[in-house]
Amino acid sequence: MDVSVVCMRVIKKIVTEWTELLSTTVKALKAGQVVAVPTDTIYGLACVAQNSVAVRRVYDIKGRNGDKPLAICVGEIQDIYRFCKVSVKEELLRDLLPGPVTLVLERSSTLNGDLNPFTKLIGVRVPDHPFMRRLCQMCGEPLALTSANVSAQTSSVAANEFEDLWPSLAVVVDGGPIGDKSRLGSTVVDLSVCSRYRIIRPGCALSATVQVLEGKYGLLEDPVNQ
């Protein structure tokens, strides 16, 4: 995916090197700004999850209901253990991630208490996207991540599809069209109950995810989904 173009509200220039593009985006995030980024599924809005003001800004930009949670995005599987209480085998994590899957786990006390304060759970992603993974690594903190669109509108698979949000964003990373045109987003699966799983959102990788959970690890689907 070509991530050589960045559209910025403030400096408005084309960046042709990943290093400069990453540096610009990291600087904006660390300053408490909200940015738009490509992922392996759809375009997303991101901010530093540990920054409460930035998190509230994401909700304001999207017009999102405050009782709808945001997921977090990290660069490495090992980072999940910093912010979540993991009750499944690490091999299971590695079979699903990096990839188009959001795992819902019990949150740890390390995570910002103002992020989804209404639930003890947190969705976590490791996108199969080199720019996003490197961005998380350079930030050194989890990123709160949600789809780049006004709430209740269609998800975006190209940067120009959410141009109406650009004036509210510090950086818009244009990575070109997303390969998966389904707009379904990641498959969201709750793994917070030992030996069980619950599909919260089917997303774009449902079949492959269920095959791993049931076929390889013998997890049972939560009865509420059956």
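Reader: How are H1 and H5 oriented to each other, and why?

Author: Start with the angle between the axes. In this predicted model, the axes of helix H1 (residues 18-30) and helix H5 (residues 130-139) cross at roughly 50 degrees. Angles of 65 to 115 degrees would count as roughly perpendicular, and those under 35 degrees as roughly parallel. H1 and H5 are therefore oblique to each other. The two axes come within 10 Å.

Reader: Which hand does the crossing of H1 and H5 have?

Author: The crossing is right-handed.

Reader: Which residues make the contact?

Author: H1 brings Trp18, Leu21, Leu22, Ser23, Thr25, Val26, Leu29 and Lys30. H5 answers with Pro130, Phe131, Arg134, Leu135, Met138 and Cys139. By class, the contact of H1 with H5 has ten nonpolar, two polar and two charged residues.

Reader: Now the pocket. How is empty space found?

Author: A probe the size of a water molecule is rolled over the atoms, and this shows where empty space is left. Here, the largest pocket holds about 650 Å³ of space. Its lining has 28 residues, and the closest to its centre are Arg64, Pro69, Ala71, Val188 and Arg201.

Reader: Which strands each supply at least two residues of that lining?

Author: Strand E3 (43-48), strand E6 (101-107), strand E7 (121-125), strand E8 (143-147) and strand E11 (196-201) do. E7 gives the largest share, four residues.

Reader: How does the lining of the largest pocket divide by class?

Author: Twelve residues are nonpolar, twelve are polar and four are charged.

Reader: On to the backbone. Where is there a cis peptide bond?

Author: Look at omega. Between Leu97 and Pro98, omega is about -5 degrees, and the peptide bond is cis. Pro98 sits in the loop between helix H4 (90-96) and E6.

Reader: What is the phi of Asn116?

Author: Check the sign and the residue type. Asn116 has a positive phi of about 50 degrees, although this residue is not a glycine. Find Asn116 in the loop between E6 and E7.

Key: Residues numbered from 1 in each chain as written. Predicted model: local features only at pLDDT ≥ 70, side-chain atom pairs only at ≥ 80, totals over all residues. Heavy atoms only, no water. 1 Å grid on protein atoms, 1.4 Å probe; cavity = no way out; pocket = protein on both sides within 12 Å on 5 of 7 lines; lining within 4 Å. Points joined across faces, edges and corners; volume = space filled by probe spheres on them. Nonpolar A, V, L, I, M, F, W, Y, C, P; charged D, E, K, R; others polar. Axes fitted to C-alpha atoms, helices over the stretch in contact; angles between N-to-C directions. Parallel < 35°, antiparallel > 145°, perpendicular 65-115°, else oblique. Left-handed = near helix turned anticlockwise from the far one by under 90°. Contact = heavy atoms within 4.5 Å.
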